Amino acid sequence: MSAYEPVIGVEIHVQLSTRTKMFCGCELSFGDPPNTHTCPVCLAHPGVLPVVNEEAVRRALLIGVALGCEVAPRSIFHRKNYFYPDLPKAYQISQFDIPICGRGEFIAIRDDGSEIRVGITRAHLEEDAAKLTHAGGRRVGAAGSVVDFNRGGTPLVEIVTEPDLRSASDAAVFLRQLRQTLLFLGVSDCSMEEGSMRADANVSIRPVGADQFGTKTELKNMNSFRFLERGIDAEIARQTAILGSGGQVTQETVHFEPETGAITSLRSKEESHDYRYFPEPDLVPLAPDPSWVAELRAGLPELPLPLRRRMVDEMGLTTEDAEVLTDSPALVAYFMEVAAAVDPKAAANWIRGELRAQLREAGQDPWESTVTPARMAALVGLVESGAVSVPAAKEVLAEVISSGTEPADVVEAKGLGQISDEDELAAIVAEIVAANPVQAQQLRDGKDKVIGFFVGKAMAQTGGRADPQAVQRLVRAAVLGQ
Amino acid sequence: MIDDSTVHHVARLARLRLAPDEEHVMGEELSGILEHIDVIRGMDVEGVPPTTHVIALENVLRPDEPRPGLSRDDALREARHVVDDGFGVPRMD
Amino acid sequence: MSLRDLTAAEQVAALAAGKVTSLELVDAHLAAVASDEVGAFLAVDPDRARARAREIDALPERPPLGGVPIGIKDALSTRDLVTTAGSRMLEGFRPVYTATCVQRLEDAGAIVVGKTNMDEFAMGSSTENSAYHPTRNPWDHTRVPGGSSGGSAAAVAQRQVPWSLGSDTGGSIRQPAALCGIVGMKPTYGAISRYGLIAFASSLDQVGPFARTVRDAALLLRHMVGRDPMDSTSLDMPEAIALPVASDLRGLRVGVVDELMGEGVEPGVRDAVGYALRMVEALGGTVVPVSLPTTPLGLATYYVLAPAECSSNLARFDGVRYGPVVDDDTLLDQYERTRGELFGPEVRRRIMLGTFALASGYYDQYYGRAQRVRTLIVREFSAAFDQVDLLASPTSPTVAFPLGARTADPYSMYLADVCTIPVSLAGLPAISIPCGLSGGLPVGLQLAGPAFSENRLLGAAHALEQALAFDTLPPGLVT
């Protein structure tokens, strides 16, 4: 057990998936040719002015409401001044001392069901920088880097937490669940890989039991949850080693190198930052109408954590079912529609299991496949009512996926309905028992497991159409006279 | 009042290269101007709110609707160094 | 009488009556621009102006401004027409868009003949800070026209154009209008879109008209005002701008600002302003003294706020996306050399001052404090307008000064705006009209009103203008 306790806070940048940029009408784009989504405003031509995107404000408020933040009755924008080629105005329009969303709280749940309570310090609106590509040694003209302004000006919400996290794994759990919440709000694509969600961690350690915080470092460059967890662990280890050998942690920005697992310092010769924040004179205050905020609060979708709880408590799902099915809002919607028509647990089993397995081969998600919730519910219904066997149902599902036919029609066309005529089944069973005297004797000798052998034979002979329950009963009747 | 090292620091913040003799002159000029400006430091402004805007506007918002932007040629046409359809800048070390 | 002697309104009327074509008007003025004795212009585009005139002449119905030529301060962005803001930093820069106010005027039938000279990035009060050439005062070629919109003022006084646009941050329209013997107006902050105005100090900048008559100023203003979706700080006027017709000032209470009539105001200026105030009374108005005790702090407040905002606004000029660049091997060297070498001395000085005022450890003492003093100034004006309808003062404490007289001492140049700055800080509308001569040089009277009192201001200025009957033709100017 280490003598030190880690203290971790995170800053999360979320790109809002609005149609247009934060302060101009350029469409957001991903992967388009460079500098094809720009205008005088986002290129910072002389004389241009910013105008706030209403939808970005709405989404920032939605995030604030979902995180239980106090919404500022009146917030303002500030200019954060610094020179860098990806920042065309040489200032970022951001929020400083009066952000749109103030204190809130997010409760994440560990795998063992225990809670991680994380204070939200603030959530504020700002604009993203442009993309800078290093020309990689190739020098054309005076160029060492090339700037593409397509991304420049994308709306961002920065969420800052209190230093309430105590381990790298808690940080990862928190971020995963925060991400899921943001996905449910529909405010962002939240892709760590594509950079639409980015997290930095402030990490310090202190002797267990100490009240005061140690010197923190800011850990950057983590583009997946796995790297984030590994990076924080590596930084904790580095700081522990420093303090253990009597050294002192320097307040600085550090990078985690995923390839080597190493932490590198970004210490630069640059003068210390002095951002010279001052109120943005080109923009007026945001004072969201309380009725607007109330409307957003009332219209919040059911968020993943309460939803999971409800799935387990009220719908009879396992914790694992609930976790898998709340992976995305679309999957939740799909499941809910199926579960409204049939037994939720059966729906969960089919969707989690066979449906996802079969669709994986086609590279499809349930909600975009030909298996509409109505068809899925129909199929589950057929199984539940005993009209088709499970193996037959799997075949029906494959046919629904490939042809988009209604399950009942597939059953009809392929003759996959269960043989429910007792006399017909009894004849088949009698035939099988007669042909397999050894196994029949074993059954008589009390070796009950051998019943499966007969069921298998019956299924093979009927092309899966026999009702296994009925076969078992008929075999016992034929062999044991029960 | 504004010494050479402050001038140097501020010039770096503002990304303005001043020759060493210019730095000294700049310091003297700024000090001269600040002497006049210092009258506001004697004012009692306790409890007086700052004015950022003289007009009482709030919530000026734009609908999230795309507007036509610039063609790439227009976006790049005034740049001196165009590289790979982007704006070229020198190395940053 | 030359076509150039017609006021803009008279030109509009002559066009409407079919007595003259837009092409004839444009050619007459282009000829005067071509022999630019006062150095009012930085860029002229005769082909474009003439093409536009032909287009308008061919229209079945003339637009409201008929095809009358106009000069535009080089601080306003004009698509494809070189726009430098008087700086080497934008030498040869061809904007990709046109400022809203210019677009509105072009849509109304004004024809841009060229871009007028100015102090670099509008920082200065004499137009001597232009990186290209100084502009001379049409009344005396050895003297400055004022600034920063000196080119626009000189062009109108010289009758190269009947009207023009300037921008006013601390007096940059009113002071050159005064020094050149013409009318200049700064509207209420927010009345005219700033979209396309190359920013100096965003919370103070306003576009406004220069003209030889108050009526022309009103006409131009009428076609520019109103909310622009591209400028969050713009808004609609409560009422349309009316063309002034008042011939008396009955019932009007005019307050004379004590603090702006005393020390530093030249006797000749005080005399001319005093004459105008007696004329106010003769026209039926009342004149009362008013004290605005915080206004003497206006200059200091302004020289914190404006440089601070400018230091941020001018940070975008780095040679990467537009404008010239001083190439170097590393980004830092390139930034510092581009900005160090291409900005002129006054711009560098203000960027330094503003960066200092915002820097960590100084913000509260300077920027934060200046914003609070600004509040006091706003309150004082507001209280004054409970007592009076308009405030009067000299526009400039002096008449036009000789070229070079103040360039060595930055602060002496700043003093030129001592009367105009307080009004700017309060965001109020103000007009300067010529009210007489001192030593053969024009003197301006500044009238300021409450926010959005443009019509009251224009009406009073018009009535006074008729009574004062100032002759705007500079001595020796042959049109």
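1. A polar contact here is a pair of N or O atoms within 3.5 Å, where, within protein, one atom must be able to donate a hydrogen and the other to accept it. By that rule, chain C and chain B share 26 residue pairs in polar contact, both residues at pLDDT 80 or more. Note that this is a predicted model.

2. The polar contacts come with charge pairing. Eight salt bridges are counted between chain C and chain B. One of them joins the side chains of Glu336(C) and Arg12(B), at 2.6 Å from N to O.

3. Helices supply much to discuss on the chain C side. α9 (298-313), α10 (331-342), α11 (345-358), α12 (364-387), α13 (410-414) and α14 (421-426) of chain C each supply at least two residues of the side that touches chain B. The most comes from α12(C), with 12 residues. By class, the side of chain C that touches chain B has 34 nonpolar, 16 polar and 19 charged residues.

4. Now the extent of the contact between chain C and chain B. It takes 69 residues from chain C and 54 residues from chain B. The two chains bury about 5600 Å² between them, and 65% of that is on carbon and sulfur atoms. In chain C, the residues that lose the most area to chain B are Glu336(C), Met352(C) and Arg369(C). Together these three make up 13% of what the chain C side buries. Glu336(C) thus appears twice in this note: it is among the residues that lose the most area, and it forms a salt bridge with Arg12(B).

5. Chain C also meets chain A. Here 32 residues of chain A are in contact with 39 residues of chain C. About 2900 Å² is buried between chain A and chain C, 60% of it on carbon and sulfur atoms. Pro46(A), Leu49(A) and Phe83(A) supply 21% of the area that chain A buries against chain C. No other three residues supply more.

6. Polar features of the interface between chain A and chain C are as follows. One salt bridge is found. Arg194(C) forms a salt bridge with Asp282(A), with the closest N and O atoms 3.0 Å apart. There are 16 residue pairs in polar contact, both residues at pLDDT 80 or more. β3 (78-81) and β14 (278-279) of chain A each supply at least two residues of the side that touches chain C. That side of chain A divides into 23 nonpolar, three polar and six charged residues.

7. Inside chain C, consider helix α4 (residues 100-107). Its buried residues include Thr100(C), Cys101(C), Val102(C), Leu105(C) and Glu106(C). The buried residues of α4(C) pack against α3 (46-58), β2 (69-73), β3 (111-116), β4 (163-168), β6 (206-211) and α7 (214-222) of chain C. Just after α4(C), Gly109(C) takes a positive phi of about 105°.

8. Phe470(C) lies in the segment after α15 (454-468) of chain C. Is Phe470(C) buried or exposed? Phe470(C) counts as buried because its relative accessible area is 18%, and the cut-off for buried is under 20%. Beyond residues up to four places away in sequence, Phe470(C) touches Trp139(C), Gly181(C), Pro434(C), Gly436(C), Leu437(C), Pro442(C) and Glu465(C). Phe470(C) and Pro429(C) are 41 residues apart in sequence and 22 Å apart in space, C-alpha to C-alpha.

9. Last, the domains of chain A. The assignment gives domain 1 (4-294), domain 2 (302-414) and domain 3 (422-480). The C-alpha centres of domain 2 and domain 3 of chain A lie 31 Å apart.

Key:
Residues numbered from 1 in each chain as written. Chains lettered and ligands numbered in written order. Predicted model: local features only at pLDDT ≥ 70, side-chain atom pairs only at ≥ 80, totals over all residues. Heavy atoms only, no water. Helix = DSSP H or I, 4+ residues; strand = E, 2+ residues; numbered from the N terminus. Buried < 20%, exposed > 50% of the residue type's maximum accessible area, 1.4 Å probe, protein only. Contact = heavy atoms within 4.5 Å. Buried area = accessible area lost by both parts, 1.4 Å probe. Salt bridge = Lys/Arg side-chain N within 4 Å of Asp/Glu carboxyl O. Polar contact = N/O pair within 3.5 Å; in protein donor to acceptor, adjacent residues only side chain to side chain. Nonpolar A, V, L, I, M, F, W, Y, C, P; charged D, E, K, R; others polar. Domains from an automatic or database assignment.
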